[in-house]
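Student: I am new to this structure. Can we go through it step by step, with short questions and short answers?

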Amino acid sequence: LAIMAVGLATVHSATIDGNPRAIAQATNMGVALIVMWFVSRLPPQKLMRFAIPLYLVGVLLLVAVFLVGIKVNGAKRWLDLGITRIQPSELMKIAIPLAMAWYFDRHEAALRLRHYAVATVMLMVPIALIVKQPDLGTALIHALIFVTICLLTRIRLQTLASIAVLGDAIIAGAMPKSAFAA
């Protein structure tokens with residue numbers, strides 16, 4: 001809440017004409033707090049029921065960005081819903097950890113290399129779509145979230161290193177050619 005207050009104060013102090021951005025930001029924060037409160041009241045088992053549908057919706061929205069997305073500052077990352085715009089890669093910051101938790105929970109008793117391979121593919125699909133936008137920063141955040149989850153599953157470091165090398169190759173292959181021109 002303190003960080004949100006500082007952020008709101010910063011937005012407020014940076015605007016001049018009636019603070020429409022500060023009001024919009026405060027509204028978004030209020031909605032987010034209400035949603036967080038409702039979600040915190042759900043038992044984890046109920047949340048797990050939404051894991052795969054939310055993940056699939058997120059991937060479909062990432063694909064929709066390429067079909068009907070809006071280009072802002074040279075990057076096509078947004079979907080215009082009429083009353084608001086959404087950035088599907090932000091939805092994936094919730095969907096990926098939830099899907100990974102669901103998947104690893106189902107195989108918790110005997111996690112093997114193949115389980116990590118499947119989880120890596122589940123991660124690489126949205127990451128490749130995000131890198132194509134291009135949004136390497138958000139893609140790297142998703143990768144870091146995945147590494148954290150893998151560490152919580154007590155993955156062997158050799159296995160994690162192999163996944164990292166594979167992930168790097170996929171990300172490099174998905175990056176637009178313009179990203180390599182300097």
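Student: What pattern does the chain follow, read along the sequence?
Tutor: This is a predicted model. The chain holds eight helices and three strands. Read along the sequence, they give the pattern α-α-α-α-β-β-β-α-α-α-α.

Student: What does the C-alpha trace span along its principal axes?
Tutor: The chain has 182 residues, and buried ones make up 30% of them. Along the principal axes, the C-alpha trace spans about 60 × 50 × 30 Å.

Student: What share of the contacts with a separation of 6 or more comes from residues 24 or more positions apart?
Tutor: A contact means heavy atoms within 4.5 Å. Among contacts with a separation of 6 or more, residues 24 or more positions apart account for 59%.

Student: Which helix gives the most to the largest nonpolar core?
Tutor: That core has 28 residues, and M92, M100 and F104 are among those with the most contacts inside it. Helices 4, 5, 6, 7 and 8 each give two or more residues to this core. With nine residues, the one that gives the most is helix 6.

Student: How far apart are the end C-alpha atoms of helix 6, and what span should we expect?
Tutor: Helix 6 covers residues 113-131. Its 19 residues, at 1.5 Å a residue, should span 27 Å. The expected span counts one less than the number of residues. The ends agree with that, at 26 Å apart.

Student: Which residues of helix 4 are buried?
Tutor: Helix 4 has 18 residues and reaches 25 Å from first C-alpha to last, close to the expected 26 Å. The cover over its buried residues includes helix 3, strand 2, helix 5 and helix 6. The buried residues are A51, Y55, G58, V59, L62, A64 and V65.

Student: Which residues does M92 touch, leaving out those up to four places away in sequence?
Tutor: M92 is one of the residues with the most contacts inside the largest core. Y55, G58, V59 and L62 are buried residues of helix 4, and P126 is buried in helix 6. With sequence neighbours up to four places away left out, M92 touches Y55, G58, V59, L62, P97, P126 and H142.

Student: Is T159 buried or exposed?
Tutor: T159 has its place in helix 8. Beyond four places in sequence, T159 touches L113 and Y116. Buried means under 20% relative accessible area. T159 is at 12%, so T159 counts as buried.

Student: How does A164 count at 39% relative accessibility?
Tutor: A164 is also found in helix 8. Its C-alpha is separated by 8.8 Å from that of A143, 21 residues apart along the chain. Values between the 20% and 50% cut-offs are neither buried nor exposed. At 39%, A164 therefore counts as partly exposed.

Student: How many residues apart in sequence are the parts that D135 and R77 tie together?
Tutor: The count comes to two salt bridges. In one of them, the side chains of D135 and R77 meet at 3.9 Å, N to O. D135 lies in the loop between helix 6 and helix 7 and R77 in strand 2, so the pair ties together parts whose distance in sequence is 58 residues.

Student: Which of these two is buried, D135 or R77?
Tutor: R77 has 25% relative accessibility, so R77 counts as partly exposed. D135 has 8%, so the buried residue is D135.

Student: Where do E90 and K93 lie?
Tutor: Their side chains meet in a salt bridge at 3.1 Å, N to O. E90 is partly exposed at 34%, and K93 is partly exposed at 27%. An α-helix has 3.6 residues a turn, so residues three or four places apart point the same way. E90 and K93 are three residues apart, about one turn, and both lie in helix 5.

Student: What accessible area does the nonpolar patch on the surface have?
Tutor: The chain exposes about 11,600 Å², with 69% of it supplied by carbon and sulfur atoms. V31, V35, V39, L42 and F50 form the patch. F50 is found in the loop between helix 3 and helix 4. Together the patch residues have about 410 Å².

Definitions and conventions. Residues are numbered from 1 along each chain as its sequence is written. This is a predicted model: local features need pLDDT of at least 70, side-chain atom pairs count only at pLDDT 80 or more; totals for chains, interfaces and linings use all residues. Side-chain values use heavy atoms; hydrogens and water are left out. A nonpolar core is a set of buried Ala, Val, Leu, Ile, Met, Phe, Trp, Tyr and Cys residues joined through side-chain atoms within 4.5 Å. Buried means under 20% relative accessible area, exposed over 50%, partly exposed in between (1.4 Å probe, protein chains only). Helices (H or I, at least four residues) and strands (E, at least two) are DSSP runs, numbered from the N terminus. Patches are made of residues with over 30% relative accessible area and no salt bridge: like charges are joined within 9 Å, nonpolar side chains (Val, Leu, Ile, Met, Phe, Trp, Tyr) within 5 Å. Accessible areas come from the Shrake-Rupley method with a 1.4 Å probe; for residues, only the protein chains shown count as cover. A salt bridge is a side-chain nitrogen of Lys or Arg within 4 Å of a carboxyl oxygen of Asp or Glu.
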